[in-house]
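Please open the model in your viewer and keep the sequence panel beside it, since each stop on this tour begins with a selection. The stops follow one another, and you can pause at any of them.

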Amino acid sequence: MIFNTIAELIAEHIECDPSEIKMETTFESLGIDSLDTVELIMSFEDTFGGTIEMSPDLKTVQDIVNLIDAQA
């Protein structure tokens, strides 16, 4: 499932338990800044293929899941 993979990648990046990450979790609440976001997006692109454009609309884990799901 896309969500589980994304949660694991984020958890690995910020060193937390993946179970702490929910669909509605915001990147801000996880302490993820713009540099972290760029690094995570590159990781998502490597994992799922495709290209993800940086956007101020990408605020939650759900936003990334929806974007990757739409590209699949």
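Begin by selecting T60 together with M23, E24, T25, T26 and F27, because these five are the residues that T60 touches once residues up to four places away in sequence are set aside, a contact being heavy atoms within 4.5 Å. The model you are looking at is a predicted one. T60 itself is found in the loop between α2 and α3, and with a relative accessible area of 16% T60 is buried, the limit for that word being under 20%.

Next, select residues 2-14, which form helix α1, and residues 61-71, which form helix α3. These two helices pack at an angle of about 130 degrees, and their axes are 10 Å apart. Are they parallel or oblique to each other? An angle over 145 degrees would count as roughly antiparallel and one from 65 to 115 as roughly perpendicular, so α1 and α3 are oblique. Their crossing is right-handed. To see where they meet, show the side chains of I2, F3, I6 and I10 in α1, and then those of V61, I64, V65, I68 and D69 in α3, which are the residues in contact. Coloured by class, this contact has eight nonpolar residues and one charged residue, with no polar ones.

Keep α1 selected and add helix α2, residues 34-48. Here the packing angle is about 140 degrees, with the axes 11 Å apart. That angle makes α1 oblique to α2, and the crossing of this pair is right-handed. On the α1 side, the residues to display are I2, T5, I6, L9, I10 and H13, and they meet D36, E39, L40, S43, F44, T47 and F48 of α2. By class, the contact of α1 with α2 divides into seven nonpolar, four polar and two charged residues.

Now hide the other helices and look at α1 alone. Which of its residues are buried? They are I2, F3, I6, A7, L9, I10 and A11, and when you bring the other helices back you will find that the buried residues of α1 pack against α2 and α3. If you wish to check the length of α1, place a distance between its end C-alpha atoms, which are 18 Å apart; at 1.5 Å a residue, its 13 residues should span 18 Å, so the two values agree.

Move along the chain to E15, which follows α1 and lies in the loop between α1 and α2. E15 has a positive phi of about 55 degrees although it is not a glycine. With a relative accessible area of 74%, E15 is exposed, as the limit for that word is over 50%.

Two residues of α2 make the closing stops. Select T37, which lies in this helix and, at 17% relative accessibility, counts as buried. Leaving aside neighbours within four places in sequence, T37 is in contact with I32 and M54, so both can be added to the selection. Then select S43, also placed in helix α2, which counts as partly exposed at 24% relative accessibility. Finally, draw a distance from the C-alpha atom of S43 to that of V65: the two residues are 22 apart along the chain, and these atoms are separated by 14 Å.

Terms used. Residues numbered from 1 in each chain as written. Predicted model: local features only at pLDDT ≥ 70, side-chain atom pairs only at ≥ 80, totals over all residues. Heavy atoms only, no water. Axes fitted to C-alpha atoms, helices over the stretch in contact; angles between N-to-C directions. Helix = DSSP H or I, 4+ residues; strand = E, 2+ residues; numbered from the N terminus. Parallel < 35°, antiparallel > 145°, perpendicular 65-115°, else oblique. Left-handed = near helix turned anticlockwise from the far one by under 90°. Nonpolar A, V, L, I, M, F, W, Y, C, P; charged D, E, K, R; others polar. Expected span 1.5 Å × (residues − 1). Buried < 20%, exposed > 50% of the residue type's maximum accessible area, 1.4 Å probe, protein only.
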